[in-house]
Amino acid sequence: MSGKASWITNNRLKETTAAEFVEKLSQGIQAFCDVDGMGGRSIFPRPYAPFFKDELVRQFDKLSIQDRLDQLTVSQEIKDLTASLMAMGAANTVDQGAFLDWVKWWSLNDYSLQNFGDRQARYKIHEGTGALARAIAADAPVDLKLSTPVDAVEQSEAGAIVRAGGAIYRAKEVICAVPLAVLHSIRFTPALPPAKLEAAKTANVTRGRKVYFNIRERIDNWSGVAPPPYPVTYAFKEDDFLRELLGRCCKTPRMSRQLLRLIAAIGVSAPTLAMIVA
Ligand SMILES: Cc1cc2nc3c(=O)[nH]c(=O)nc-3n(C[C@H](O)[C@H](O)[C@H](O)COP(=O)(O)OP(=O)(O)OC[C@H]3O[C@@H](n4cnc5c(N)ncnc54)[C@H](O)[C@@H]3O)c2cc1C
């Protein structure tokens, strides 16, 4: 693996090879997930059936990312690297992100950092993800209603009724794919189970952002990470689009200062940084 990596640990900037970075980060993730001596594999043996081992899911459900980081006996450097990735994945503070969310994600990616990177970020639809949605819509003989929030869903023996913006839609079945956090704003008849409603009310809404920076200078493969509470916890150079740098942040002004520090490590000159478009 070619390229460089920079990371902040104990408030100091370190530079090394991409290979060492991946090795240390993998070590951290493995330690993080290994609550069972099997790298977390016993919790989601069937990743697409997350409740297959319901009792284990219940056992670890209350653990936050921070709780699990506190249990780790790895070096501070590896802990910092791990926390950087976890905060990015949770798109939230590590005390709000769930340990299990990460383990499930890890299992869906075959416990491999390479697969994780490839599946989440590497391969893209050339025309943008919207093109996929448009192609699906063009393929389906449906009447599409956009900007029409559903107010209520009523289900009975006779079928289902969906109420949205004063209109009524009748159907044999309803597929509900709204995000968890808005589920409680729709009136369901019969009512949703109390536990599901409670989860919807307390659901974490992501606070993360993804920002692309276009820089004029061509740079080699590069990753830069910093542990929370740094606002950008993870940044990397896109594989296919050489001029793009990706980072995630919460606050833009602090983010630019931190990115400046990270990018300085790879020798991009200050005038080039001024060309970065956030
Ligand atoms: C900053 C950020 C970066 C991300 N980066 C990546 C990435 O690099 N790779 C990756 O794989 N994933 C990424 N994700 C995750 C990905 O975007 C989500 O997993 C995916 O969009 C979830 O799809 P969904 O259909 O479940 O929900 P959504 O895409 O949220 O769709 C839910 C839909 O329901 C609609 N809706 C809400 N309320 C109602 C209502 N009352 N009536 C009718 N409709 C309603 C919403 O308008 C929305 O269109 C990222 C997410 C964020 C926030």
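Colleague: Which residues of E8 point one way, and which the other way?

Modeller: In this predicted model, Trp222 and Gly224 point one way from E8, while Ser223 and Val225 point the other way. This follows a general pattern, because side chains in a regular strand alternate between the two faces of the sheet.

Colleague: What makes these residues of E8 count as buried?

Modeller: The term requires 20 or more other C-beta atoms within 10 Å of a residue's own. Trp222, Ser223, Gly224 and Val225 are all buried, and therefore each of them meets that cut-off.

Colleague: How do you know that E8 pairs with strand E1?

Modeller: Pairing calls for at least two bridges between two strands. Strand E1 (residues 4–9) and E8 have four bridges, so they pair, and they do so in the parallel sense. Within this pair, Lys4 stands opposite Trp222 in E8.

Colleague: What joins E8 to E9, and in which sense do they run?

Modeller: Three bridges join E8 to E9, and these strands run antiparallel. Val225 has Tyr234 in E9 as its bridge partner. Here too the cut-off is at least two bridges, so E8 and E9 count as paired.

Colleague: What is the order of strands in the open sheet of four strands?

Modeller: The order is E5-E4-E3-E6, and the pairing is mixed.

Colleague: Why are strand E5 (167–171) and E6 called edge strands?

Modeller: Each of E5 and E6 pairs on one side only, and that places them at the edges. From one strand to the next, the twist averages 15°.

Colleague: How many bridges join strand E3 to E6?

Modeller: Strand E3 (residues 150–156) is joined to E6 by three bridges, and the two run parallel. Glu154 stands opposite Thr189 in E6.

Colleague: What kind of peptide bond joins Thr189 and Pro190?

Modeller: The bond is cis, with omega about -5°. Pro190 lies in the loop between strand E6 (187–189) and helix H8 (194–202). A cis peptide bond also joins Pro228 and Pro229, with omega about 15°. Pro229 is in the loop between strand E8 (222–225) and strand E9 (234–237).

Colleague: Why do such bonds deserve a remark?

Modeller: They do so because most peptide bonds are trans, just as most residues other than glycine have a negative phi. Ala91 departs from the second pattern, with a positive phi near 50°. Tyr111, also not a glycine, has a positive phi of about 60°.

Colleague: Why does Ala91 count as partly exposed?

Modeller: Ala91 has 18 C-beta neighbours inside 10 Å. Partly exposed covers the counts between 12 or fewer, which is exposed, and 20 or more, which is buried, so Ala91 belongs there. Tyr111, in the loop between H5 and helix H6 (113–122), is also partly exposed because its count is 19.

Colleague: What makes Asp61 count as exposed?

Modeller: Asp61 has 10 C-beta neighbours inside 10 Å, and the cut-off is 12 or fewer, so Asp61 counts as exposed. Asp61 is placed in the loop between helix H2 (54–60) and helix H3 (65–71). Its C-alpha atom is separated by 9.1 Å from that of Asp101, 40 residues apart along the chain.

Colleague: Which residues come nearest to the ligand?

Modeller: Of the 14 residues around the ligand, Pro149, Val150, Val178, Val182 and Lys210 come nearest. The shell divides into nine nonpolar, three polar and two charged residues. Domain 1 (4–122) and domain 2 (148–201) each supply at least three residues to this shell.

Methods
Residues are numbered from 1 along each chain as its sequence is written. This is a predicted model: local features need pLDDT of at least 70, side-chain atom pairs count only at pLDDT 80 or more; totals for chains, interfaces and linings use all residues. A residue is near a molecule or strand if its C-beta atom, placed from the backbone, lies within 6 Å of it. Ala, Val, Leu, Ile, Met, Phe, Trp, Tyr, Cys and Pro count as nonpolar, Asp, Glu, Lys and Arg as charged, and the others, Gly among them, as polar. Domain bounds come from an automatic or database domain assignment. Axes are lines fitted to C-alpha atoms, for helices over the stretch in contact, and angles run from 0 to 180 degrees between N-to-C directions.
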